[in-house]
Amino acid sequence: MSFIRNHPVFTFFVLAYALAWGAVPFGSFFAPGALVAALIVVFLTEGVAGLRAIGARLIRWRVRWIWYVVALAVPLLIHFVTISINQALGASAPSTGQFTPWYGIALAIGMNMIDPFGGPFSEEPSFRGFAQASLQAKRTPLVATAIMAAAITGWHLPLFFISSFGLHPYEALTTVAVTFWYAWLFNHAAGSVLITLIAHATEGSINTSDLWSAGADATRESWLYAAVWCALAVGLLVFNRHFWTSPASADSINPGRRPAEVPEAVS
């Protein structure tokens, strides 16, 4: 038990990998394993108070309105830019069936937010609400996010090799890039998991594989999507350097504890 208390984030990721990857032999991936792992580790190390803290982050809605706009607008803009560049490079007009009726995107975002077996609801309370917050207690956001990017990309690794998910190994670049984006948003939105949940659900609201079903247009789109996200991540790193290298704010570390009181996250 002392090892878990001293290395909660390391323990969390070991358990999250074990639970999610446990379904791989059956051709699946248990995404809720991340949330289950976080709840177990938090309960063992912080008890009910820790679980309340995770819940408080998930429903933290009192943040500046601009972060709601950013959470919705940036992922949709990334999709729009990617589609536009792909067409400029010669792609045919994308299929728009998933956008009919007009409120289909809003409905998809809402469903993604509350789907207990989906990525956003499973990953945001655990990855941002617990792991990111804990790592930042003794590390700069840059170091904490670099650790998160490596661990989260590794956690997703089976998805790039199970044919039923339709992903390619190079799309791991997107996972790395969006990890930096979510970390930036989480910190600027006062440690609100609700805001990153909205952003994550919005990012997944458009099924890119349905825009171009197959062929060169579809392949180019997936490469462009990764490239545009990487460009955004690099932009955040370059133009907001002070944020990445300064100590995290009190709102974006474990609530109710000073940084010096948070146990070492990883060894």
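In which helix is Thr-82 found? In this predicted model, Thr-82 belongs to helix 4, which runs over residues 65-88, and that residue offers a convenient point of entry before the view widens to the chain as a whole.

With a relative accessibility of 1%, Thr-82 counts as buried, because the cut-off for burial lies at under 20%. Once neighbours within four places in sequence are set aside, the residues in contact with Thr-82 are Glu-221, Leu-224, Tyr-225 and Val-228. Helix 10 covers residues 216-239, and the contacts of Thr-82 with Glu-221, Leu-224, Tyr-225 and Val-228 can be followed on the structure with that range in mind.

The architecture around this residue is helical, for the protein chain has eleven helices and zero strands, and its pattern along the sequence reads α-α-α-α-α-α-α-α-α-α-α. The radius of gyration of the protein chain is 18 Å, close to the 18 Å that the globule rule gives for 267 residues, and the chain is therefore as compact as a globular protein of that length. Measured out along its principal axes, the C-alpha trace spans about 55 × 40 × 30 Å.

Two helices illustrate how elements are covered within this arrangement. Helix 9, made up of residues 193-203, has eleven of its eleven residues buried, so it is largely enclosed by the rest of the structure. Its buried residues include Val-193 and Leu-194 at the beginning of the listed range, as well as His-200, Thr-202 and Glu-203. The elements that cover the buried residues of helix 9 include helix 3 (33-58), helix 4, helix 5 (104-114), helix 6, helix 8 (172-188) and helix 10; helix 4, which holds Thr-82, is thus among them.

Helix 6, another of the elements covering helix 9, spans residues 119-135 and bends by about 30 degrees at Phe-127. Helix 6 is itself mostly covered, with 16 of its 17 residues buried.

Returning to the whole protein chain, 49% of its 267 residues count as buried. Among contacts between residues at least 6 apart in sequence, 79% join residues at least 24 apart, and the contacts of Thr-82 with residues such as Leu-224 and Val-228 may be viewed against that background. The protein chain exposes about 12400 Å², of which carbon and sulfur atoms supply 70%. As for charge, the protein chain carries 13 positive and 12 negative charges, and the mean positions of these two groups are 14 Å apart.

Definitions and conventions:
Residues numbered from 1 in each chain as written. Predicted model: local features only at pLDDT ≥ 70, side-chain atom pairs only at ≥ 80, totals over all residues. Heavy atoms only, no water. Helix = DSSP H or I, 4+ residues; strand = E, 2+ residues; numbered from the N terminus. Rg over C-alpha atoms; globule rule 2.2 N^0.38 Å. Buried < 20%, exposed > 50% of the residue type's maximum accessible area, 1.4 Å probe, protein only. Contact = heavy atoms within 4.5 Å. Areas by Shrake-Rupley, 256 points an atom, 1.4 Å probe, with all protein chains shown as cover. Lys, Arg positive; Asp, Glu negative; His and termini not counted. Charge placed at Lys NZ, Arg CZ, Asp CG, Glu CD. Bend = angle between axes of the 7 residues up to and from the residue.
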